Amino acid sequence: MTKYTTIKTFEKDFPHQIWKIVADPVNQHIAIELRDTESTRAALYVIDFEGKELLQHKQLDEKEWTLEAVQHNTLILKRVGDVRPVKEGILFLDFQGNTRALWQEYIWVDTYRDMVKVRHRSFQSGFEEYIDTQTLQKTSTAPREMEYCSAIKMPIPFTAPLPPYLKDLALSDVPAVSRAGERILWSYHTQANEHYQLNLSVADSSKLLDTICLLTDMPKMIPQPYFQIENQIFLMSYNKQEIVSYLV
């Protein structure tokens with residue numbers, strides 16, 4: 001019988017710390033916002049699920065713009081401010097960094113699959129409008145179906161008794177668990193000297209299939225180990241300047 005193996009699909013380095021990550025599971029795109037610690041301006045990258053760069057270091061002129069979503073080969077950004085969390089301004093960029101559309105007087109309200117809910121700055125509440133992220137058409141009529149992009153999963157803490165194949169491990173924290181089809185994914189920290197490492201164990205309903213070390217030599221444990229889309233997981237390095245992905 002062939003041994004099950006967890007496969008690393010890519011490892012990507014960035015010049016500054018990762019500030020935000022959003023994903024389009026339908027088109028298999030990941031958009032990353034970096035922040036320069038000196039200028040605090042954002043730089044945008046887009047990669048696919050195999051690590052290929054589709055947009056590299058698109059630097060924004062104004063530091064108030066931040067990444068909200070990626071859909072239909074389009075980056076969706078909103079403007080944020082010091083006085084209130086969200087100021088007026090919705091910006092759509094294509095994967096060449098060009099402006100597809102700009103709504104200066106509209107405030108971001110929410111993001112759904114294929115659309116963004118916005119409100120004109122003249123109104124404090126109500127009077128929402130909807131922008132189609134593919135056609136860029138704006139309408140005041142709410143679509144019949146409005147669904148969130150729910151394909152992204154996060155592992156959840158597991159507080160019940162551990163299965164037998166994990167009981168002998170010297171865990172430093174409560175493990176987190178998620179599923180990928182019939183496989184169960186366990187992520188947990190162990191200690192090596194005065195540092196920690198993040199591990200991933202893949203199991204079926206009765207036995208351990210594979211265990212790998214995801215991150216090593218960390219001064220502290222990280223609270224959120226990875227996010228998952230179907231059978232692929234994505235995680236940041238401890239210094240937040242690298243993304244690593246595995247097929248599980």
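A nonpolar core here is a set of buried Ala, Val, Leu, Ile, Met, Phe, Trp, Tyr and Cys residues joined through side-chain atoms within 4.5 Å.

**Entry 1: the cores**

I started with the largest nonpolar core, which has 17 residues. I wanted to know which of them touch the most other members, and they turn out to be Leu185, Leu200, Leu214, Leu235 and Tyr246. Then I checked where this core comes from: strands S17 (195–203), S18 (208–218), S20 (232–236) and S21 each supply at least two of its residues. There is also a second, separate core of 15 residues, and I noted Leu60, Trp65, Leu75 and Leu77 among its members.

I clicked on leucine 214 next. Skipping residues up to four places away in sequence, I found leucine 214 touching Leu198, Asn199, Leu200, Leu235 and Tyr246.

**Entry 2: how far to trust it**

I reminded myself that this is a predicted model. I looked up the confidence: the chain's mean pLDDT is 92, with 97% of residues at 70 or more. Going element by element, I found the lowest mean, 88, in strand S13 (residues 152–153) and the highest, 97, in strand S4 (residues 42–48).

**Entry 3: strand S8**

How many residues of strand S8 are buried? I get seven of seven, over residues 88–94. I also looked at which way they point. Glu88, Ile90, Phe92 and Asp94 go one way, Gly89, Leu91 and Leu93 go the other, and all are buried. I note that the buried set includes Glu88 and Asp94.

Then I followed the pairing. S8 runs antiparallel to strand S7 (residues 74–79), with five bridges. On the S9 side (residues 99–112) I again find five bridges and an antiparallel run. Leucine 91 is a handy marker: its bridge partner is leucine 77 on one side and leucine 102 in S9 on the other. Between S8 and S9 the hairpin has four residues, and there I spotted glycine 97 with a positive phi near 85 degrees.

**Entry 4: two serines by S20 and S21**

Serine 245 sits in strand S21 (residues 242–247). Buried or exposed? I call serine 245 buried, because its relative accessibility is 0% and the cut-off for buried is under 20%. What does its side chain reach? A polar atom of the serine 245 side chain lies 3.1 Å from the backbone oxygen of isoleucine 233. Beyond four places in sequence, I list its contacts as Ile7, Lys8, Thr9, Phe10, Gln232, Ile233 and Phe234.

Serine 237 is in the loop between S20 and S21. I put serine 237 down as buried too, because its relative accessibility is 9%. Its side chain has a polar atom 3.5 Å from the backbone nitrogen of glutamine 241. Leaving out neighbours within four places, I see serine 237 in contact with Leu215 and Glu242.

**Entry 5: histidine 189**

I finished on histidine 189, in strand S16 (residues 183–192). Histidine 189 counts as buried because its relative accessibility is 2%. Its side chain reaches the backbone nitrogen of isoleucine 222 at 3.2 Å. I also looked at leucine 171: C-alpha to C-alpha, it is 6.0 Å from histidine 189, though the two are 18 residues apart in sequence. Past four places in sequence, the contacts I wrote down for histidine 189 are Ala170, Leu171, Ser172, Asp173, Tyr196, Gln197, Leu198, Asn199, Met218, Met221 and Ile222.

Note on methods
Residues numbered from 1 in each chain as written. Predicted model: local features only at pLDDT ≥ 70, side-chain atom pairs only at ≥ 80, totals over all residues. Heavy atoms only, no water. Buried < 20%, exposed > 50% of the residue type's maximum accessible area, 1.4 Å probe, protein only. Polar contact = N/O pair within 3.5 Å; in protein donor to acceptor, adjacent residues only side chain to side chain. Contact = heavy atoms within 4.5 Å. pLDDT = per-residue confidence, 0-100. Pairing = 2+ DSSP bridges.
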